[in-house]
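Opening the notebook on this one. I'll jot down what I look up as I go.

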Amino acid sequence: MSLIEIDNLSVTFRAKGREVRAVEAVSLTVAARESYGLVGESGSGKSTILRAICGLAPISGGSIRIGGVPVATPRGRAFAARVQMVFQDPYASLHPRHTIDRTLSEPLAIHGLSGSDARVVKALEDVGLPAAFRFRFPHQLSGGQRQRVAIARALMLEPEILLLDEPTSALDASVQAEVLNLLDRLRDERGLTFLMVSHDLAVIDHMTDRVLVMQNGRAVEELTRAALAGARMTTDYARSLFDASADRMLDPAKEAP
Amino acid sequence: MSPLLEVQNLRVTFDTETGPVEAVRGVSFSLGRERLGIVGESGSGKTMTGRAVLRLIRPPGRVEADRMVFDGQDLIAASEREMRALRGQRIGMVMQDPKYSLNPVMNVGAQLTEGLRLRDGFGRADARAKAIAALEAVQIRDPERVMEAYPHELSGGMGQRVMIAMMLIPEPDLLIADEPTSALDVTVQAEVLSILDALVRDRGMGLIFISHDLRLVARFCDRVLVMYKGRVVEEVEAKNLLAARHPYTQGLLNCLPRIGGSRAPLPGLDRTGAWTQEGTP
Amino acid sequence: MTALRAWLTDPSPSSRRQARLGQLWLAWLRIRRNSLAMAGLAIVSILVLVAAFAPLIAPHDPLVQDLSRRLLPPGTPGNWLGTDDFGRDILSRIIHGARITLYIIGLVALTAPVLGLLIGTVAGYFGGWVDAVLMRLTDIFLAFPRLILALALVAVLGPGIENAVLAIALTAWPPYARVARAETLTVRNSDYIAAVRLQGAGSARIIAGHIVPMCLSSVIIRVTLDMAGVILIAAGLGFLGLGVQPPLPEWGLMISSGRKFLFEQWWVATMPGLAIFIVSLGFNLLGDGLRDVLDPRSAPK
């Protein structure tokens with residue numbers, strides 16, 4: 001049975017009397033311990049799907065099931081303990097006036113878990129940050145370090161599912177590599193299921209087993225890793241995305257303009 | 001032919017409470033009517049280098065150079081008034097995010113024609129015709145509509161094209177583009193790049209293309225400067241980039257994931273090599 | 001001392017308490033570098049000290065009348081700031097008046113901003129009809145001139161120091177609610193609030209633990225800047241006979257009673273006026289300094 005089942009999901013925002021259909025009738029399933037990617041350009045609705053799963057975007061049609069059970073509204077603590085999210089911008093996702101310690105111990109306090117001192121130290125260690133960072137503020141950390149803290153926070157409640165919303169797009173290439181490696185290692189150690197959003201096909205390909213290409217809120221094409229590597233896409237849009245991917249630019253087979 | 005821009009030992013220093021911080025430490029390059037890429041990670045000083053050429057560094061920042069000459073004119077000795085005459089007219093600059101570079105309360109037409117009418121004394125109709133021609137040059141399909149639009153009504157790609165059009169109206173000899181496509185989607189990015197490319201070729205402009213994306217720069221430029229912590233660590237012909245020898249350049253290339261590549265951990269960037277110490281005071 | 005300083009400035013503290021004290025110490029170092037803020041802090045501290053030790057400092061009893069020594073000019077031996085129309089020593093009255101001023105300021109500072117923060121953050125966080133109702137309520141309070149509203153409230157409640165404080169607090173909260181709501185609106189859709197909501201936190205926890213800290217610095221700054229106005233309103237109520245009742249040495253009341261002799265015996269009204277001016281200035285300077293200190297992002301890296 002699939003861990004995440006999204007069936008015919010639609011998300012419609014209403015702003016100033018205008019309706020914006022951010023996601024229209026998208027279905028996907030992710031098995032336990034599988035990694036699934038959503039790729040597309042801005043406005044394709046890929047991030048909105050993640051936000052809809054978390055209850056941060058209004059669902060106007062379809063259903064979301066986690067472990068076979070429809071998600072409750074509001075999501076509640078049981079959901080929080082199973083599903084967590086890492087946001088795109090590490091500069092905006094950490095509370096600027098809370099120390100790292102406070103940020104990491106907050107989920108424990110919410111869920112009434114004890115031993116927060118030891119757990120915070122352990123969590124920092126797990127994401128490769130020195131314990132000395134514990135009482136620093138986010139502004140004292142670099143982008144990559146902040147994203148590590150955000151990952152540590154998402155893992156504090158030991159969830160099964162991690163939703164990753166462009167976790168490395170705000171980072172330098174070398175830092176991106178470090179963060180991707182970290183995510184990779186944590187996935188292996190903890191048996192996590194990833195649902196990852198990115199605009200970068202190469203990153204998605206590196207991290208996930210299957211990819212859904214999205215455009216204007218609709219699913220365009222689902223590709224397995226092999227199909228992507230072999231450039232066996234059937235839709236024009238997926239191909240144009242593939243061709244425009246920065247990764248292809250140094251392909252010796254391809255003539256520079 | 002003498003180079004369009006020649007920079008020798010450029011230094012940008014910021015005086016902070018804790019002492020001077022050098023953002024650019026001794027960068028030298030020369031540029032003809034070609035496409036020069038400057039690549040580096042955040043904090044490498046690539047943006048500061050671009051701004052320093054236009055002397056757009058605000059205090060407490062200081063710009064110093066042994067030599068910084070644009071088309072025979074000394075940029076270090078130039079007065080602020082002379083610099084103003086150069087900026088926009090002969091050296092254009094395109095920034096990363098058009099949202100912050102366009103005036104939100106003026107429509108595009110007014111912003112495009114303002115300079116033409118005030119500075120060059122064009123009449124209303126002539127200025128408008130020239131602005132529309134510029135918008136057409138950046139492949140905007142319905143320039144009449146875009147002329148009436150306000151910046152918030154434009155998409156990111158459209159806004160960036162308007163910015164480029166605006167910079168191109170005075171027909172500068174040199175265009176400095178600081179991450180002009182980073183805020184754009186990949187397919188739009190390709191279009192904007194080909195527009196820039198055509199303009200460089202057709203008008204014989206010099207271009208400094210600043211980016212964090214090594215692959216993009218390699219494909220798009222003739223020559224690439226790789227910067228690290230305010231220094232140029234390597235200068236290579238773009239077509240030889242894959243054969244770059246410097247460990248930093250190689251590290252930057254290798255740490256990127258590749259479609260269909262191995263699932264093994266990505267090689268990190270080794271920041272402990274002897275080259276990181278090279279020449280540091 | 002050096003050991004304590006090393007403990008406070010330890011870049012990697014070992015406990016939460018040490019980290020918190022270290023933060024306070026750094027804030028203190030930052031405010032110490034700002035000379036205007038230090039001047040403000042000095043004035044406010046002097047006010048607190050004077051109020052605390054008023055009976056010890058004051059040369060005379062502020063209430064004892066001596067009609068043979070009425071309206072003496074400043075500089076008179078024994079009455080350095082002169083005496084009022086009942087022969088009471090103005091210096092002693094100002095010193096004792098510091099207690100009343102501080103009492104009013106303290107109570108208002110404890111009530112109005114808290115109420116304003118609560119209403120503003122709740123309105124901003126929930127939005128919708130909650131926001132509409134609370135903000136229209138705020139608008140109603142804002143629409144009345146503060147002094148008139150305070151007058152009406154005191155008229156209903158009856159004159160007296162507590163009722164004056166209550167009236168001032170009830171008229172002072174709307175600006176704080178506005179500030180807090182504006183701040184909340186910019187914060188509530190940010191990723192870090194989404195993140196804590198995702199962790200299962202309830203609204204009360206999000207507002208108190210995550211939104212209020214973001215509003216706090218602008219509200220605290222606003223409070224210190226408003227303190228001058230609070231002193232003046234209290235003085236105004238006193239002046240109109242609706243606040244502190246004679247013979248208590250409230251500064252506004254003293255100005256009011258000096259009004260009758262403003263042209264011949266100027267010092268009776270001027271001396272307490274100067275006291276109000278200096279204390280207001282102190283709070284304003286302190287408020288400006290706090291603006292710089294309360295933002296952790298302004299900390300030197």
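**Helix 1 of chain A**

I started just past the end of helix 1 of chain A, where A:Gly55 follows with a positive phi, near 80°. This is a predicted model, so I keep in mind that local features count here at pLDDT of at least 70. Next I asked how many residues of helix 1 (46–53) are buried. The helix is mostly covered, with eight of its eight residues buried. I noted the names: A:Lys46, A:Ser47, A:Thr48, A:Ile49, A:Leu50, A:Arg51, A:Ala52 and A:Ile53. So A:Lys46 and A:Arg51 count as buried too, because the cut-off is 20 or more other C-beta atoms within 10 Å.

**Backbone oddities in chain A**

I then went through the loops of chain A. A:Arg33 is not a glycine, yet its phi is positive, about 65°. I found A:Arg33 in the loop between strand 2 (18–31) and strand 3 (35–40) of chain A. Is A:Arg33 buried or exposed? Neither quite: A:Arg33 has 15 other C-beta atoms within 10 Å and is partly exposed.

A:Asn216 also has a positive phi, near 50°, and is a residue other than glycine. A:Asn216 belongs to the loop between strand 9 (210–215) and strand 10 (218–224) of chain A. For A:Asn216 I get 15 other C-beta atoms within 10 Å, so A:Asn216 is partly exposed.

Which way round is the peptide bond from A:Thr73 to A:Pro74, cis or trans? It is cis, with omega near -10°. A:Pro74 lies in the loop between strand 5 (69–70) and helix 2 (76–82) of chain A.

**Chain B overall**

Over to chain B. I count 10 helices and 11 strands there. The C-alpha trace of chain B spans about 60 × 50 × 45 Å along its principal axes. I checked the radius of gyration of chain B, which is 20 Å; a compact globule of 281 residues would have one near 19 Å, so the two agree. Of the 281 residues of chain B, 43% count as buried. I also looked at contacts in chain B between residues at least 6 apart in sequence, and 65% of these join residues at least 24 apart.

**Helix 7 against helix 8 in chain B**

How do helix 7 and helix 8 of chain B pack? Helix 7 (residues 156–168) meets helix 8 at an angle of about 10°, and their axes are 10 Å apart. The two helices of chain B are therefore roughly parallel to each other. From helix 7 of chain B the contact takes B:Gly157, B:Gln160, B:Arg161, B:Ile164 and B:Leu168, and from helix 8 it takes B:Val188, B:Val192, B:Ile195, B:Leu196 and B:Leu199. By class I have seven nonpolar, two polar and one charged in this contact. The spacing made me recall a rule: an α-helix has 3.6 residues a turn, so residues three or four places apart point the same way.

**Where the chains meet**

Last, the interface. I get 28 residues of chain B in contact with 28 residues of chain A. On the chain B side, the elements that give two or more residues are helix 8 (186–203), helix 9 (214–220) and helix 10 (247–254). Helix 8 of chain B gives the most, five residues. I sorted this side of chain B by class as well and wrote down 13 nonpolar, eight polar and seven charged residues. Helix 8 of chain B is thus on my page twice, touching chain A and packing with helix 7 of chain B.

Methods
Residues are numbered from 1 along each chain as its sequence is written. Chains are lettered from A and ligands numbered from 1 in the order in which they are written. This is a predicted model: local features need pLDDT of at least 70, side-chain atom pairs count only at pLDDT 80 or more; totals for chains, interfaces and linings use all residues. Two residues are in contact if their C-beta atoms, placed from the backbone, lie within 7 Å. Helices (H or I, at least four residues) and strands (E, at least two) are DSSP runs, numbered from the N terminus. Ala, Val, Leu, Ile, Met, Phe, Trp, Tyr, Cys and Pro count as nonpolar, Asp, Glu, Lys and Arg as charged, and the others, Gly among them, as polar. Axes are lines fitted to C-alpha atoms, for helices over the stretch in contact, and angles run from 0 to 180 degrees between N-to-C directions. Angles under 35 degrees count as roughly parallel, over 145 as roughly antiparallel, 65 to 115 as roughly perpendicular and the rest as oblique. A residue is buried if 20 or more other C-beta atoms lie within 10 Å of its own, exposed if 12 or fewer, and partly exposed in between; C-beta atoms are placed from the backbone. The radius of gyration is taken over C-alpha atoms; the globule rule is 2.2 Å times the number of residues to the power 0.38.
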